[in-house]
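User: I am new to this structure. Can you walk me through some of its local features?
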Amino acid sequence: MFDLKEILSVSLILFSVIDILGSIPIIVNLRKKIGHIQSEKATLAAGVLMILFLLAGKSILSLFGIGVEDFAIAGALIIFAIGAEMILGIELFKSDPDVKDGASIVPIAFPLVAGAGTLTTILTLKAEFAQLNIAIGILLNLILVYIVLKSTGWLERKIGKTGLDVLRRIFGIILLSIAVKIFKTNAFPTMV
């Protein structure tokens, strides 16, 4: 049941996987493209995805004949594309001018916050921790996600254009590395 140590462990694991602080350059870049990010909508959508996966993740994937590894590889490819955008200064994800709030869901809620890594981690945590403690850990991370999404304008002003450009490229490389790791771990599990 309710265990503070488990909640802390789950929260820290999810915090490192979600890496919302590392996503700040991506979020700022998206905000420049579309104008406004709906923090509430993005946080809520990410929360729904994470809780849904906590309750029925394997069942949902098996409905489509998809394994957790397949899902993780697909997410890794999306993360790789976002990292490539950040480093190379290209635009792979084109926003639809008719849909102004769509970027709050894709790619912020999914795959940045509730991406393949996060959802796979949630499925893995179920083997070790109580479901209630995982849900509380998810909620604590969502609060942090919301705070960061709400304060990106302030962070952008404090860091500056040059600082953001440097951060964007550094975190682009980190995202590429995470994508490669997720891909390698799930495509070639015996080699890792």
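Analyst: The questions and answers below deal with a predicted model.

User: How many salt bridges does a search of the whole structure find?
Analyst: Side chains of opposite charge can pair when their charged atoms come close. The cut-off here is a side-chain nitrogen of Lys or Arg within 4 Å of a carboxyl oxygen of Asp or Glu. A search of the whole structure with that rule gives three.

User: How many residues apart in sequence are the parts tied together by Glu 156 and Arg 31?
Analyst: The two side chains form a salt bridge, 3.1 Å from N to O. Glu 156 sits in helix H8 (residues 152–187) and Arg 31 in helix H2, so the pair ties together parts of the chain far along from each other in number: 125 residues apart.

User: Is Glu 156 buried or exposed?
Analyst: Its partner Arg 31 counts as partly exposed, at 24% relative accessibility. Buried means under 20%. Glu 156 has 17% relative accessibility, so the label is buried.

User: Which helices hold Glu 40 and Lys 150?
Analyst: The side chains of Glu 40 and Lys 150 meet in a salt bridge of 3.2 Å, N to O. This pair links distant parts of the chain, 110 residues apart. Glu 40 counts as partly exposed at 43%, and Lys 150 counts as partly exposed at 46%. Their helices are H3 (residues 39–63) for Glu 40 and H7 (residues 131–150) for Lys 150.

User: Why are Asp 165 and Arg 169 separated by about one helical turn?
Analyst: Their side chains meet in a salt bridge, at 3.6 Å from N to O. Asp 165 is partly exposed at 29%, and Arg 169 is partly exposed at 34%. The separation is about one turn because the two lie in helix H8 with a spacing of four residues.

User: What is the phi of Asp 19?
Analyst: Most residues other than glycine have a negative phi. Asp 19 is not a glycine, yet its phi is positive. The residue lies in the loop between H1 and H2 and counts as partly exposed at 27% relative accessibility. Its phi is about 50°.

User: Which residues is Ser 23 in contact with, leaving aside neighbours within four places in sequence?
Analyst: Ser 23 lies in the loop between helix H1 (4–18) and helix H2 (24–34). At 6% relative accessibility, this serine counts as buried. Leaving aside those neighbours, its contacts are Ile 18 and Leu 112.

User: What is omega for the peptide bond from Val 106 to Pro 107?
Analyst: Most peptide bonds are trans. The bond from Val 106 to Pro 107 is cis. Pro 107 lies in helix H5 (residues 105–113). Omega is near 5°.

User: Which residues does the cis peptide bond with omega of about 15° join?
Analyst: This bond also involves a proline of helix H5, Pro 111. The residues joined are Phe 110 and Pro 111.

User: Which residues make the nonpolar surface patch of about 520 Å²?
Analyst: A patch residue needs over 30% relative accessible area. Leu 4, in helix H1, has 63% and so counts as exposed. The patch is made by Met 1, Phe 2, Leu 4 and Leu 132.

Conventions
Residues numbered from 1 in each chain as written. Predicted model: local features only at pLDDT ≥ 70, side-chain atom pairs only at ≥ 80, totals over all residues. Heavy atoms only, no water. Buried < 20%, exposed > 50% of the residue type's maximum accessible area, 1.4 Å probe, protein only. Contact = heavy atoms within 4.5 Å. Patch = residues over 30% accessible without salt bridge, like charges linked within 9 Å, V, L, I, M, F, W, Y side chains within 5 Å. Areas by Shrake-Rupley, 256 points an atom, 1.4 Å probe, with all protein chains shown as cover.
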